[in-house]
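Here are some short exercises on charged side chains and the pairs they form. Keep the structure open beside you and try each task before reading its solution.

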Amino acid sequence: MMDSKYALPKFSFNFFKRFENGILGINARNLYYVSQNSFDDLKLVDNKLETKELLQENNIPTAKVYATISNRSELSKFDFSKLPSDFVIKPVKGFGGEGIIVIVKKEDDGFIDIKGNKYSLGDMKRHIIETLDGTFSLGGAKDTAFFEHRLILHSSFKPLVYSGIADIRVIVYRNIPVLAMTRLPTEESEGKANLHMGAVGAGIDIATGKTTTAAQHGKKILEIPHTGEKIEGFKIPMWDKVLEVSSKCQISSGLGYVGVDIVLDEKLGPLVLELNARPGLGIQIANDITLRDRLERVEELEINDPLEAVKTAKELFRN
Amino acid sequence: MDKKLFTSLLLLSLIISLSVAVLACEDDSDCDEGEYCDNGDCIADDEPEEEPDCVDDSDCAEGEYCDEGECLPDEEEEEANETEELLDCEDDGDCDEGEYCDEGECLPDEEEEESEEESDEPEEEPDCENDEDCDDWELCEDGECVLEEEPKEETEVVVEEEPQEVIVEEPPEEFICQNDEDCDDDELCEDGECVEIELEEVEALLYDDEFFIRKGSPFLVDAYDSDFDEDLDSIVWDFGDGVIMNGSEVQHIYNTSGVYTLTLRIFNEDYESSTTARVVVYKSLMTLVVDGKTSETELNQIENLALSYGIMLESISLPVNYFQSDYLAREIYAKKLAEHEDAIISSSKIIIKTDGFSGLIALSQFSRDQEINLKSKQIFFLSDHISDSLAKVASYIAPILDAKDLVLTSNSNLAAIFALGESKDLEKLGSKYTVLDSEANESPFNIASSFIGYLAFSGISLNTLILLLMLPVAATIVVFFRQIIGIQTFGVFAPSLIAISLLATGLWYGLLIFFVLLGLGAFLRYQLKNLKLLGASKISVVLIFVTILMLLLLWAGLTFGVSEIISVTTFPMLIMAFMIERFVSVESERGIKEAITLVSGTLALSVICYFVMSWNLLQMFMLAYPSVIVALFVLNVFFGRWTGMTLFEYRRFKQLR
């Protein structure tokens, strides 16, 4: 029997399961799968810094954090000259991409961001103070600012991405990568890999790492809007590594059901962006594959080695 | 932008502090003597008003008098003009010899020598007998010649005396008649002469065209609104029951109930006029309470039916406004009933014929608010669907009303109720009726409902209880729509709470307020983004603006007479502010589309909850069987363990199946 820490509900109702054809709906996801994530797990994934620490402890590649500033005295002591020439400054509790500055170049008297705006040292400090004061956090809670490695998207994605950074979402259950997609920012999504905002979700065949079908706004598409680039058949570089990292994430975090967000960095390869304890269901549409039956197929498996998990996944899930 | 704000604030505070510093004085004590404080400046005080030379004449030198604080010499000519106020004399003794006192002024007597003599003993030797003895400008009065400008009182006395002389002096020389009897029949005695009567046109008019009289009580009526001459014209009343009376003011007692035609006829030889009025003679007075479900013609039919039984029906039509909820309506109904308090008090029976139990609740609210004792009255609640829950709810209301009887019966029994008249014997009603005891139901098996009954009896308004009991219903509905249908909302609370707000405001005004507040709030919230305030103060600032907007809405409600807007309280306002915050955060995280989806989902569910919560039958059911809440609990457990796809997901994943 499974060694899940969290018992499934003893009774549940679904009179229409035979009409569902293996689709995972939100009620089943919450009751069967998300419920396997404990409250502590949920708290962990909500904190980007803690997640990163955990991943680093377990030798899982993630964007490097150069420094954190959690109060004003830390800010006054902080030596900006130690920062690399390009980096990203982010609020830990930020939402909706607010409060993020992407610095691409360092000059003697300041920094240049990706849009070409110049930030003096004073501007930078002011921005950090605003972050600390909770300007960018939900509900205005006190926040921490951190400096992170600036991701450079693997160049092979270039034809598919309008601007911004594409990422890969892998659903992992029982340590096995079950379903994956890549989220491609579009003009409409303003360069964000956010399906709600109009990014394209392209399904990936677990076995081959090639893109299959794609959807935007919940509807199937074949080409990237505006550019007309054909989506199907794009080979994700370092695919096995991506799957291995995803599996590792679940093993080390202990989350029962997790969506792992990975970015392929030009130099560093797969880097874990964040873990998601309530991954969305739109991935089924992007892949044109139902998730429920896949989850049920791995339910009984007990594989604790990431490499073996990747092998099993590739055998089990061939699109 | 924030810098600008800060600078302007700083400037403002600077200006305020400077203006305070510049003030030389705050009150006169801050200034030198001889100066006074005016708008913060010390001003030399050279105006004499402050220190008057004198208060009264004693402060002045002799030969001077005090006038408005100044001493003025007595000799001045102007003095004479001003003396009207300063009395030189009160009677002649105050004046010099040779002068007399007139209206407080010493006036010289006639400068002729005669006057000197007269002034000594004027009463013994009258200097005139009539006006001719006096000068042109004088009148003779009491033997004295007096100037024409005399006090009015005295002239009045003169006027009074004059007519006595006139009467005596002017007796008609040709004496024909002293009164009408001295003349022929068609003549009148006028100024002692017999004059032929000129008959004038008459017009019969009554002050009312309908009279309601209880059988056996005196009916007093007069013709004083008519145009007639009491002496010349004949006034005839026909009461319609065979009784005919004469006179301008008559009294009659009807012995049989029914509708009579009262005819007033006024006539003389030349002219004739008549008018009629309806006289409704009733055995008994009853009050009928109906709502908009009973049409005008239906109401007329009922009134006529009642009349045929000799029942006078005072009908109270409760206004129906589809824009407002039942909860609001019941409060309005209670006020409407209060307007007819007199009729209700004098009625022996009160009949309520409303859709659902609103009329009954309104009556209980009314009797409680107005402290009306209904002990002697029988109350009938007419309904074609007398369910157990209605009976149950009525059993809560019975002890509150504390009437002689509270009877539930069907509409078809209306005539039977009228037939009862003053009789209290319900047996005559026939078969179908339920009498509810005015003592509270004490069933140990239904603790919950006796508890609700106790609360209602102890003064908690039934409206409040219903609202409270409907809240779990609303929440369950929200859960159903979220779990089974798949509508996305801002949590479970928001739709239930907004639904309750809508019940307070009515649907349309509630939605209007919702959109106005949300639109403005969201707009403001985006503007505030640039201000870079901390989250908590952002919310507070939005709340401040929401408050200002609410005040404006209240003003608009008053100006345009929309009471629904006025009934919006802080509670829905806070819900709105909360929604605004959620809206903005969802918008920035998941885009405007998602945010709008959530808002519309929340609103749609709120409206659904509104309709369910205003469903009369359900309200009655929840009130009657409050233990149903336990069943709701079970239902929620079921929904909470429902793992099936939502209806919306079937559509979303259509292509996968």
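**Exercise 1.** In this predicted model, decide whether D86(A) and R150(A) are buried or exposed, and find what joins them.

*Solution.* Start with accessibility: D86(A) and R150(A) are both buried. Next, look at the charged atoms: the closest N and O atoms lie 3.3 Å apart, and the two residues form a salt bridge. Finally, place the partners in the chain. D86(A) sits in the loop between α4 (72-77) and β2 (87-91) of chain A, while R150(A) sits in the loop between β6 (145-149) and β7 (167-173), 64 residues apart.

**Exercise 2.** Work out which class of accessibility fits E107(A) and which fits K118(A), then describe their contact.

*Solution.* E107(A) has a relative accessible area of 30%, so it is partly exposed, as the class runs between 20% and 50%. K118(A), at 46%, is partly exposed because its value falls within those limits too. Their side chains meet in a salt bridge, with 3.8 Å from N to O.

**Exercise 3.** Find the salt-bridge partner of R169(A) and say where both residues lie.

*Solution.* The partner is D261(A), with the closest N and O atoms 2.6 Å apart. R169(A) belongs to strand β7 and D261(A) to strand β12 (residues 257-265) of chain A, so the pair links parts of the chain 92 residues apart. Both R169(A) and D261(A) are buried.

**Exercise 4.** How many salt bridges are there over all chains?

*Solution.* The count comes to 23.

Methods: Residues are numbered from 1 along each chain as its sequence is written. Chains are lettered from A and ligands numbered from 1 in the order in which they are written. This is a predicted model: local features need pLDDT of at least 70, side-chain atom pairs count only at pLDDT 80 or more; totals for chains, interfaces and linings use all residues. Side-chain values use heavy atoms; hydrogens and water are left out. A salt bridge is a side-chain nitrogen of Lys or Arg within 4 Å of a carboxyl oxygen of Asp or Glu. Helices (H or I, at least four residues) and strands (E, at least two) are DSSP runs, numbered from the N terminus. Buried means under 20% relative accessible area, exposed over 50%, partly exposed in between (1.4 Å probe, protein chains only).
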